[in-house]
Structure formats: C-alpha cells, structure tokens
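This briefing is meant for a reader who is meeting the structure for the first time. It takes up the nonpolar cores, one pocket, some salt bridges and one residue in a strand.

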Amino acid sequence: MRNKLRLLCLLPLLILTPGCWDLHDVNSTAFVLGIGIDLPSNSSSAKYKVTFQLAKPISAHEGPTTQSFVISKDADSILQAIQQAQASLSRRISLSHLRAVAIGEDIARRESFQDLINYLLREPDLAMQLRLVFVQNAQARDLLSLNEKFEDRPSAALVNIGCFSEQISIIRTRDFLDFLSDLKGSNGTAYGSRALLQTGENLILRDGAAVFKDSKLVAWLNGEEVQAANWLVEKNQAIVVAKTEENTYTYEVRKKDTTFKPIINGGNPSILVKVTSEGMVMEEYGEYLDLSDPETIKELELLFAETIAQQVKTAIQKSQKELKADYLGFHKAFRRHEPEAFKSLNWNEVYPTMPIEVEVECKLKAYGLRK
C-alpha cells in the first residue's frame, strides 16, 4: 500500500518533467556531412566561398541514387554562410554529423588556418574528430561535389581512407584537432593531409601531404617525400624498395620505431635519430637469393638500412634546407628532453643549420612463403 502511494505521488512529477528539450526531429533536420572553404568567385564582395555537403533523405524503396548534394555560399564568415544556406533550405542545418573539412589550396596559401576554422572551434554541436584535408590544384567544392566510386558521399571516402592509413606510408593523415595542436605547439608549422582529384576517374587520391609555415600552406609533398618524412613522424607500415646494379628487392616493414636524442655540446644543439624496423622480404627481381643463408640476410639488412637512411636524410634536408620548417617534430624532442636549453634557443633560426645524424637498423624476420 505504501509503495502505491509513492507511485501516485510521483506521477504528477513525471508528467511535468520535460524530455530531451533540445532534441531535433530527424525529419526536419539538414545534416551537414562536409564543409569546404575556398576563395570566393568575387573577392571584392566576400571573403570565403563555403560549400556544404548535406545528407539527402531517401526512401528505403528508392533505387541507387546520389545520397548527398552540395550548396555553396559566398560570405565574410562561416556563420554568415550557414545563415545564407539556411535561408534556402526547408530544414534546420545541423553540424552534429560533420565528418570532414576540406580547404582549397588558394585560400590555404592566403589565409591563416586558425582564422579559417575559428568558428568551427566555437560551435558547440560539432564532434571534433573530423578528417581534415587540403585540396591541391582544385577547390574544396570540387572534392565535395565528386561522385566517388565506392562511397555514396565524398566525406565518407575521406573518413574511410583515414581508417586504414596505418597500412599506407605514402599518405599523411591528421585529424582536425591534432593538426591544430601541431600548429599551436610549433608557432604555425605543421604537416597535414593532401587530397588530389583524379580528373575523369571520380577518385580522391590521398598520397602526399601539405606543409604549413606561419599557419599558411607553403608546400606540397609527393608520396615518395611523405614516405621519407613518415619514418620520423608516423607509426605506419612502409614498403621499401632497395636496388643494386641489376637487382631489386622489396621489404615490407611490419614494425618500426624512431627515437630522437637531443644533444647539447658546448651550447650547440644537435640530434641523433635512430630508426629500427622489422619486416620481411616480399619480392625479388633479378638474382634470387638464398634467404636461408645468414650472410645473405645480413647483406640484405644492410641494403635496406642504407635505403631507409637515405630516405630519412632526404626528408631532413628538405625540411631544413629547402623549406626551413620543422614539420618533422624535432622541436618536440628538444622541448621534452632538454627543456631549459630549448627555452634559450630561437628554434626557427637554429633548426635549418642544426646537425642531425641518422642511424638505421633493419631486421628480416620472415621471407614469405617462397623458400
């Protein structure tokens, strides 16, 4: 009886208690899946061209059809562009399902990245685990408008490519917040993702990378240059092709580890880079070797180590001498291991001429099925 009285007392409270007051009906919401930022068609009338890729509601009974559409607005801010887009839509715009942000090359070279994405950092509905790409030789709108072959939406293709990026050494994958953290931790230097559009093929190519200095895009790296740089900044697997005069051998790296050892000698900074890897020989062209012979294995290990060392040195030289930008993260090692010495250094001036030594050790642990 007492329990029944308690329930009767609680019923009025349950009736008056609101549910999810900020819940929006799916059928009245326009979900933005991707945002692209470019220079406007007329730079005198607006600052940005903002493109929205929106999910297209379809019936389960409909046949194969495009499941998204795009609209673009020229505006002086991202929020203004959202408002302009909202005026042309019958549903309320929501960024809660935003999955990818694409930025065109022209505006990435002209505008500070932090200015471009200032609104996105303040938007409370935004899930910050976003894929971020910079589009070379095209507009971000072109990427979001693409009819991608395997996915219904280009934003989904960008997300899925990033999911298996650890298996690909020729691409750089960096989430939105990770890239922003790199910029802030290095006075505007960072190393981000590049996207290319394969003309006539409806393909998004993700090999290569974008290099930022002073928070602006300054250079592109191709796939070969990215593999060289990724020995220093990524944990992903790699494919190493080593050549002698007449023979070619392919080494698949399954494990790798890279350490930076900062050194201060008489007030002069330097760094020792140590790379270790384990993997297997997957292909031979030319002379087929006896892989059961320990001496042959040692010779191959040295050959692959020399090839990797050359790649690493090439990446360091491009960073130091050509771009004069530490997007490879040496400043992080110095700040962590030599904090007092790092405070006294003008890193942007010291880095381009700082001695960096490279040591590489390779181990062959398996040789495939062929004996």
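A residue counts as buried when its relative accessible area is under 20%, as exposed when that area is over 50%, and as partly exposed in between. By this rule lysine 363, at 34% relative accessibility, is partly exposed. The model described here is a predicted one, and the points below are grouped by topic.

**Nonpolar cores**

- The largest nonpolar core has 49 residues, and the members that touch the most others are Val273, Phe304, Ile308 and Phe330.
- Helix H10, which covers residues 294-322, gives the most to this core, contributing 10 residues.
- Once its neighbours within four places in sequence are left aside, isoleucine 308 is in contact with Trp231, Val240, Tyr251, Val275, Ser277, Val360 and Cys362.
- Another core lies apart from this one and has 39 residues, among them Ile35, Ala75, Val101 and Phe176.

**The second largest pocket**

- The second largest pocket holds about 310 Å³ of space, and of the 15 residues that line this pocket, Glu224, Glu225, Gln227, Ala228 and Gln311 are the closest to its centre.
- Helix H9, residues 223-233, and helix H10 each supply at least two residues of the lining, with the largest share, 6 residues, coming from H9.
- Sorted by character, the lining of the second largest pocket divides into 7 nonpolar, 5 polar and 3 charged residues.

**Salt bridges**

- Side chains of opposite charge can pair when their charged atoms come close.
- A search of the whole structure finds 13 salt bridges, and the bullets that follow describe some of them.
- Glutamate 105 and arginine 109 meet through their side chains in a salt bridge, at 3.1 Å from N to O; because the two are 4 residues apart in helix H3 (residues 105-110), they are separated by about one helical turn.
- Within that pair, glutamate 105 is buried, with a relative accessible area of 13%, whereas arginine 109 is partly exposed, with a relative accessible area of 35%.
- Arginine 131 forms a salt bridge with aspartate 175, with the closest N and O atoms 2.9 Å apart, and this pair links distant parts of the chain, since arginine 131 is in strand S6 (residues 131-135) and aspartate 175 is in the loop between helix H7 (154-163) and helix H8 (176-185), 44 residues apart.
- Arginine 131 counts as buried at 16% relative accessibility, and aspartate 175 also counts as buried, at 16%.
- The side chains of lysine 363 and glutamate 361 meet in a salt bridge at 3.7 Å, N to O, and glutamate 361 is partly exposed, with a relative accessible area of 43%.
- Elsewhere, Arg172, Asp182 and Lys332 are joined into one network by salt bridges that share partners.

**Leucine 364 in strand S14**

- Leucine 364 has its place in strand S14, which covers residues 356-366, and at 6% relative accessibility leucine 364 counts as buried, because that value is under 20%.
- Leucine 364 and valine 253 are 111 residues apart in sequence, while in space they are 9.1 Å apart, C-alpha to C-alpha.
- With its neighbours within four places in sequence left aside, leucine 364 is in contact with Tyr251, Gly279, Val281, Ile297, Leu300, Glu301 and Phe304.
- Phe304 is also one of the residues that touch the most other members of the largest nonpolar core.

Conventions: Residues numbered from 1 in each chain as written. Predicted model: local features only at pLDDT ≥ 70, side-chain atom pairs only at ≥ 80, totals over all residues. Heavy atoms only, no water. Core = buried A, V, L, I, M, F, W, Y, C linked by side-chain atoms within 4.5 Å. Buried < 20%, exposed > 50% of the residue type's maximum accessible area, 1.4 Å probe, protein only. Contact = heavy atoms within 4.5 Å. 1 Å grid on protein atoms, 1.4 Å probe; cavity = no way out; pocket = protein on both sides within 12 Å on 5 of 7 lines; lining within 4 Å. Points joined across faces, edges and corners; volume = space filled by probe spheres on them. Nonpolar A, V, L, I, M, F, W, Y, C, P; charged D, E, K, R; others polar. Salt bridge = Lys/Arg side-chain N within 4 Å of Asp/Glu carboxyl O.
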